[in-house]
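Dear colleague,

I am handing over the structure we spoke about, and below it you will find my notes on what turned up in it. Please read them with the model open beside you.

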Amino acid sequence: MERDMEKRLIAEAFAAQKAAYVPYSHFCVGAALLAKNGKIYHGCNIENASYTPTNCAERTAVFKAVSEGVREFEAIAVVGNKEGVPRGEGDFCPPCGVCRQVMREFCDPETFRVILAVSEEKYRVFLLKELLPMSFGPEDLRVK
Ligand code: THU
(Lines give C-alpha, C1' and ligand atoms only; values in the text may rest on other atoms or scores of the structure.)
Protein backbone atom coordinates (compact mmCIF):
# COMPACT_ATOMS: atom_id res chain seq x y z
CA MET A 1 0.00 0.00 0.00
CA GLU A 2 1.18 3.52 -0.83
CA ARG A 3 2.32 5.74 2.02
CA ASP A 4 -0.18 8.37 0.88
CA MET A 5 -3.03 5.93 1.47
CA GLU A 6 -1.66 5.01 4.91
CA LYS A 7 -1.63 8.71 5.85
CA ARG A 8 -5.09 9.24 4.38
CA LEU A 9 -6.47 6.37 6.47
CA ILE A 10 -4.85 7.78 9.60
CA ALA A 11 -6.44 11.20 8.93
CA GLU A 12 -9.81 9.47 8.42
CA ALA A 13 -9.37 7.57 11.70
CA PHE A 14 -8.81 10.88 13.51
CA ALA A 15 -11.98 12.24 11.90
CA ALA A 16 -13.90 9.12 12.99
CA GLN A 17 -12.56 9.47 16.54
CA LYS A 18 -14.49 12.75 16.97
CA ALA A 19 -17.76 10.81 17.19
CA ALA A 20 -16.57 8.50 19.99
CA TYR A 21 -19.28 8.13 22.67
CA VAL A 22 -17.23 7.54 25.81
CA PRO A 23 -18.98 8.85 28.97
CA TYR A 24 -17.48 6.04 31.10
CA SER A 25 -13.89 5.42 30.03
CA HIS A 26 -13.25 8.83 28.43
CA PHE A 27 -11.00 6.89 26.04
CA CYS A 28 -11.71 7.94 22.45
CA VAL A 29 -11.01 5.52 19.61
CA GLY A 30 -11.36 6.08 15.86
CA ALA A 31 -10.96 3.62 13.00
CA ALA A 32 -10.93 3.93 9.23
CA LEU A 33 -11.44 0.75 7.25
CA LEU A 34 -10.40 0.60 3.60
CA ALA A 35 -12.51 -1.77 1.49
CA LYS A 36 -11.14 -3.38 -1.65
CA ASN A 37 -13.68 -1.35 -3.65
CA GLY A 38 -11.91 1.83 -2.47
CA LYS A 39 -14.56 2.94 0.01
CA ILE A 40 -13.51 4.01 3.51
CA TYR A 41 -15.72 3.24 6.51
CA HIS A 42 -15.43 5.21 9.75
CA GLY A 43 -15.92 3.68 13.18
CA CYS A 44 -15.82 4.99 16.75
CA ASN A 45 -16.30 3.33 20.10
CA ILE A 46 -19.82 3.48 21.50
CA GLU A 47 -20.11 2.84 25.23
CA ASN A 48 -23.12 1.84 27.29
CA ALA A 49 -24.30 2.41 30.87
CA SER A 50 -24.45 -1.37 31.19
CA TYR A 51 -20.78 -1.53 30.04
CA THR A 52 -20.75 -4.91 28.24
CA PRO A 53 -22.73 -3.75 25.17
CA THR A 54 -19.88 -1.32 24.40
CA ASN A 55 -18.73 -1.59 20.80
CA CYS A 56 -15.14 -0.84 19.81
CA ALA A 57 -14.29 1.52 16.97
CA GLU A 58 -12.87 -1.26 14.79
CA ARG A 59 -15.98 -3.40 15.05
CA THR A 60 -18.22 -0.40 14.40
CA ALA A 61 -16.35 0.17 11.12
CA VAL A 62 -16.45 -3.50 10.07
CA PHE A 63 -20.13 -3.88 10.93
CA LYS A 64 -21.05 -0.70 9.07
CA ALA A 65 -19.36 -2.01 5.93
CA VAL A 66 -20.70 -5.56 6.19
CA SER A 67 -24.21 -4.26 6.85
CA GLU A 68 -23.97 -2.48 3.50
CA GLY A 69 -22.90 -5.64 1.68
CA VAL A 70 -19.14 -4.91 1.64
CA ARG A 71 -17.00 -7.81 2.89
CA GLU A 72 -13.57 -7.42 1.33
CA PHE A 73 -11.00 -5.23 3.03
CA GLU A 74 -7.43 -4.11 2.59
CA ALA A 75 -6.48 -2.21 5.73
CA ILE A 76 -7.65 -0.45 8.87
CA ALA A 77 -6.13 2.51 10.69
CA VAL A 78 -6.75 2.87 14.42
CA VAL A 79 -6.11 5.82 16.73
CA GLY A 80 -7.00 6.09 20.41
CA ASN A 81 -6.29 8.23 23.41
CA LYS A 82 -7.77 9.51 26.62
CA GLU A 83 -10.08 12.52 26.16
CA GLY A 84 -8.18 15.79 26.11
CA VAL A 85 -4.89 14.37 24.83
CA PRO A 86 -3.91 16.50 21.81
CA ARG A 87 -3.67 14.87 18.39
CA GLY A 88 -0.18 13.51 17.77
CA GLU A 89 0.44 12.73 21.44
CA GLY A 90 -0.39 9.63 23.45
CA ASP A 91 0.32 6.07 22.37
CA PHE A 92 -0.67 3.38 19.91
CA CYS A 93 -4.08 1.78 20.44
CA PRO A 94 -3.82 -1.91 19.52
CA PRO A 95 -7.13 -3.59 18.67
CA CYS A 96 -8.62 -5.79 21.39
CA GLY A 97 -8.82 -9.55 20.93
CA VAL A 98 -12.49 -9.49 19.99
CA CYS A 99 -11.87 -6.95 17.22
CA ARG A 100 -8.92 -9.00 15.90
CA GLN A 101 -11.21 -12.01 15.65
CA VAL A 102 -13.89 -9.97 13.87
CA MET A 103 -11.26 -8.80 11.35
CA ARG A 104 -10.24 -12.44 10.91
CA GLU A 105 -13.76 -13.28 9.73
CA PHE A 106 -13.56 -10.98 6.71
CA CYS A 107 -9.89 -10.17 6.13
CA ASP A 108 -7.02 -12.27 4.80
CA PRO A 109 -4.50 -12.56 7.68
CA GLU A 110 -1.63 -12.79 5.17
CA THR A 111 -2.35 -9.43 3.51
CA PHE A 112 -4.71 -7.34 5.66
CA ARG A 113 -2.85 -4.40 7.21
CA VAL A 114 -3.51 -2.88 10.63
CA ILE A 115 -2.10 0.62 10.91
CA LEU A 116 -1.61 1.80 14.50
CA ALA A 117 -1.03 5.52 14.60
CA VAL A 118 -0.23 8.34 16.96
CA SER A 119 -0.01 10.82 14.07
CA GLU A 120 0.35 10.77 10.29
CA GLU A 121 4.11 10.70 10.85
CA LYS A 122 4.31 8.28 13.75
CA TYR A 123 2.70 4.94 12.99
CA ARG A 124 3.37 1.21 12.63
CA VAL A 125 1.91 -1.24 10.16
CA PHE A 126 1.19 -4.87 11.06
CA LEU A 127 -0.26 -7.77 9.13
CA LEU A 128 -3.32 -9.31 10.76
CA LYS A 129 -1.44 -12.62 11.05
CA GLU A 130 1.14 -10.89 13.27
CA LEU A 131 -1.54 -9.61 15.64
CA LEU A 132 -3.52 -12.87 15.65
CA PRO A 133 -1.17 -15.80 15.04
CA MET A 134 -2.46 -19.34 14.50
CA SER A 135 -5.99 -18.03 14.33
CA PHE A 136 -9.31 -19.79 13.97
CA GLY A 137 -11.29 -18.66 10.94
CA PRO A 138 -14.12 -19.52 8.55
CA GLU A 139 -12.04 -22.20 6.74
CA ASP A 140 -11.65 -24.17 9.98
CA LEU A 141 -15.38 -24.88 10.04
CA ARG A 142 -15.41 -26.34 6.51
CA VAL A 143 -15.52 -30.11 6.09
CA LYS A 144 -12.14 -31.22 4.71
N1 THU B 1 -11.67 0.35 22.56
C2 THU B 1 -11.80 0.42 21.20
O3 THU B 1 -12.74 1.07 20.69
N4 THU B 1 -10.91 -0.23 20.44
C5 THU B 1 -9.81 -0.88 20.91
O6 THU B 1 -9.07 -1.43 20.13
C7 THU B 1 -9.54 -0.92 22.35
C8 THU B 1 -10.62 -0.42 23.22
C9 THU B 1 -12.62 1.09 23.40
C10 THU B 1 -13.59 0.26 24.18
C11 THU B 1 -13.95 1.21 25.31
O12 THU B 1 -14.95 2.08 24.87
C13 THU B 1 -12.69 2.02 25.53
O14 THU B 1 -11.90 1.84 24.36
C15 THU B 1 -11.88 1.60 26.74
O16 THU B 1 -11.64 0.23 26.73
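A residue is called exposed when its relative accessible area is over 50%, and buried when that area is under 20%. Please keep in mind throughout that this is a predicted model.

By that cut-off M134, with a relative accessible area of 88%, is exposed; M134 belongs to the segment after α4, and its phi is near 45°, a positive value in a residue other than glycine. Most residues other than glycine have a negative phi. Y51, in the loop between β2 (40-44) and α2, also has a positive phi, near 65°, and is exposed, with a relative accessible area of 55%.

Turning to the interior, the largest nonpolar core has 24 residues, of which L33, F73, I76, M103, F112 and V114 touch the most other members. Two or more residues each come from β1 (27-35), α2 (57-67), β3 (73-82), α3 (97-106), β4 (113-117) and α4 (128-131). Beyond its neighbours within four places in sequence, L33 is in contact with ten residues' worth of surroundings that include Y41, A61, V62, F73, I76 and F112. There is also a second, separate core of 12 residues, with A75, V79, I115 and Y123 among them.

Finally, a search of the whole structure finds one cavity of 30 Å³ or more, and the largest cavity has a volume of about 40 Å³. Its lining comprises four nonpolar, three polar and three charged residues, including F14, R87, E89, D91 and V118, and β3 gives the most to that lining, with three residues.

Best wishes

Notes
Residues numbered from 1 in each chain as written. Predicted model: local features only at pLDDT ≥ 70, side-chain atom pairs only at ≥ 80, totals over all residues. Heavy atoms only, no water. Core = buried A, V, L, I, M, F, W, Y, C linked by side-chain atoms within 4.5 Å. Buried < 20%, exposed > 50% of the residue type's maximum accessible area, 1.4 Å probe, protein only. Helix = DSSP H or I, 4+ residues; strand = E, 2+ residues; numbered from the N terminus. Contact = heavy atoms within 4.5 Å. 1 Å grid on protein atoms, 1.4 Å probe; cavity = no way out; pocket = protein on both sides within 12 Å on 5 of 7 lines; lining within 4 Å. Points joined across faces, edges and corners; volume = space filled by probe spheres on them. Nonpolar A, V, L, I, M, F, W, Y, C, P; charged D, E, K, R; others polar.
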